[in-house]
Amino acid sequence: MVDVGVIGAGFVGAASANAIALSNACSELVLLDKNHDRAVAEAADIAHGAAIAGSTRVRAGDYEDLKGAKVIVIAAGVNQKPGESRLDLLARNSAIFGEIVPEVAKYAPDAVVVIATNPVDIMTDVTRSLHPNPELVLGTGTLLDTARFRGLISQASNVSARYIHATVLGEHGDSSVLCWDSARVAGLTLDTFMLQSGAEWSEARRSEIEEKVRGAAAKIIAGKQATYYGIGASVMKIVSGILGDRRGIYTLSTPSDYGVCLSLPCVLGKNGIIQVLKPNLSAKEQEGLEKSAAVLKETRDSMKD
């Protein structure tokens with residue numbers, strides 16, 4: 001029986017399916033795409049790698065093949081055309097989701113639905129409005145932004161990113177909030193740790209890290225037209241957390257007190273988001289989160305108009 005369905009065999013969908021397959025998080029994965037030949041080719045290529053790494057079975061299929069799936073990843077959508085506004089892009093992707101989500105709900109009504117299509121916060125909102133069980137829907141949110149943040153702090157501190165606690169909240173986009181004040185290494189604030197370790201640390205270095213986190217996607221896109229390995233790994237992390245009922249904490253896009261989906265720390269289990277946490281933020285971070293929510297709400301409301 002299929003454990004995971006990935007809808008969309010483009011760069012992000014294929015990278016996500018590949019990461020999931022190589023992680024051995026599931027027994028069987030099915031890949032769907034409107035271009036069925038593309039799905040067949042990607043599934044075959046991924047299956048060959050999976051046979052080397054483990055035992056995950058990978059194949060192409062249709063919506064009927066989603067029956068029994070525990071997790072559905074939606075990575076389908078279109079790219080922005082030259083001269084096209086963000087709202088036009090949202091309208092086109094919303095129309096695509098209007099076809100996909102009812103089929104997902106029909107064949108896999110109890111599956112947790114993970115949204116990877118950008119702009120992920122708005123598309124998470126859209127999916128929730130289309131799904132009969134919106135509590136099962138979540139977005140990849142700022143999980144990748146958080147990984148970038150921790151990775152850059154890791155480079156500056158010479159400590160593995162695995163042992164750095166730092167988060168990015170709010171929009172997966174320009175208005176995201178990097179939570180410096182709550183960032184910790186071994187329980188120490190960054191300023192204290194850097195001072196003790198003798199690492200180079202200053203406001204300029206912090207600004208450099210912030211610019212790199214916000215500009216990471218644009219820099220990658222400029223060099224190779226798309227980003228997909230990082231988000232693929234993020235999707236794998238989320239799917240593994242759901243299938244393993246790991247109760248890990250991830251920065252995911254979810255409904256908030258601000259009336260729009262955005263990223264907050266969430267406890268994740270087999271049925272999706274179990275609990276949304278309210279972090280202790282500084283006044284500056286709280287203001288940033290409110291501004292981020294306002295940006296998202298304005299975009300969503302403009303699309304409705």
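**Figure 1. Histidine 165 and its partner across the β7–β10 pairing.** In this predicted model, histidine 165 lies opposite arginine 184, a residue of β10. The strand β10 covers residues 184–185 and runs antiparallel to β7, to which it is joined by 2 bridges.

**Figure 2. The open sheet β7-β10-β11.** The sheet is open and consists of 3 strands in the order β7-β10-β11, with antiparallel pairing. Its edge strands are β7 (164–165) and β11 (188–189), each of which pairs on one side only. The β7 edge is held to β10 through 2 bridges, and the facing residues histidine 165 and arginine 184 belong to this part of the sheet.

**Figure 3. The largest pocket and the residues at its centre.** The largest pocket encloses about 1,700 Å³ of space. It is lined by 49 residues, of which Val78, Asn79, Thr117, Asn118 and Pro119 are the closest to its centre.

**Figure 4. Helices and residue classes in the lining of the largest pocket.** At least two lining residues are supplied by each of the helices α1 (11–23), α3 (86–107), α5 (143–157) and α7 (203–224). The largest share, 7 residues, belongs to α3. By class, the lining of the largest pocket comprises 22 nonpolar, 15 polar and 12 charged residues.

**Figure 5. The second largest pocket.** The volume of the second largest pocket is about 650 Å³. Among its 28 lining residues, those closest to the centre are Leu143, Thr146, Arg150, Ile249 and Tyr250. Two or more lining residues come from each of the elements α5, α8 (229–243) and β12 (248–255). Of these elements, α8 gives the largest share, 6 residues. The lining of the second largest pocket divides into 14 nonpolar, 10 polar and 4 charged residues. The helix α5 thus appears in this view as well as in the lining of the largest pocket.

**Figure 6. The crossing of α1 and α2.** A pair of packed helices is described by the angle between the two axes and by the distance between them. The axes of α1 and α2 (residues 36–53) come within 9 Å and cross at roughly 25 degrees. Because angles under 35 degrees count as roughly parallel, α1 and α2 are therefore roughly parallel to each other. Their crossing is right-handed. The helix α1 also supplies at least two residues to the lining of the largest pocket.

Methods:
Residues numbered from 1 in each chain as written. Predicted model: local features only at pLDDT ≥ 70, side-chain atom pairs only at ≥ 80, totals over all residues. Heavy atoms only, no water. Pairing = 2+ DSSP bridges. Helix = DSSP H or I, 4+ residues; strand = E, 2+ residues; numbered from the N terminus. 1 Å grid on protein atoms, 1.4 Å probe; cavity = no way out; pocket = protein on both sides within 12 Å on 5 of 7 lines; lining within 4 Å. Points joined across faces, edges and corners; volume = space filled by probe spheres on them. Nonpolar A, V, L, I, M, F, W, Y, C, P; charged D, E, K, R; others polar. Axes fitted to C-alpha atoms, helices over the stretch in contact; angles between N-to-C directions. Parallel < 35°, antiparallel > 145°, perpendicular 65-115°, else oblique. Left-handed = near helix turned anticlockwise from the far one by under 90°.
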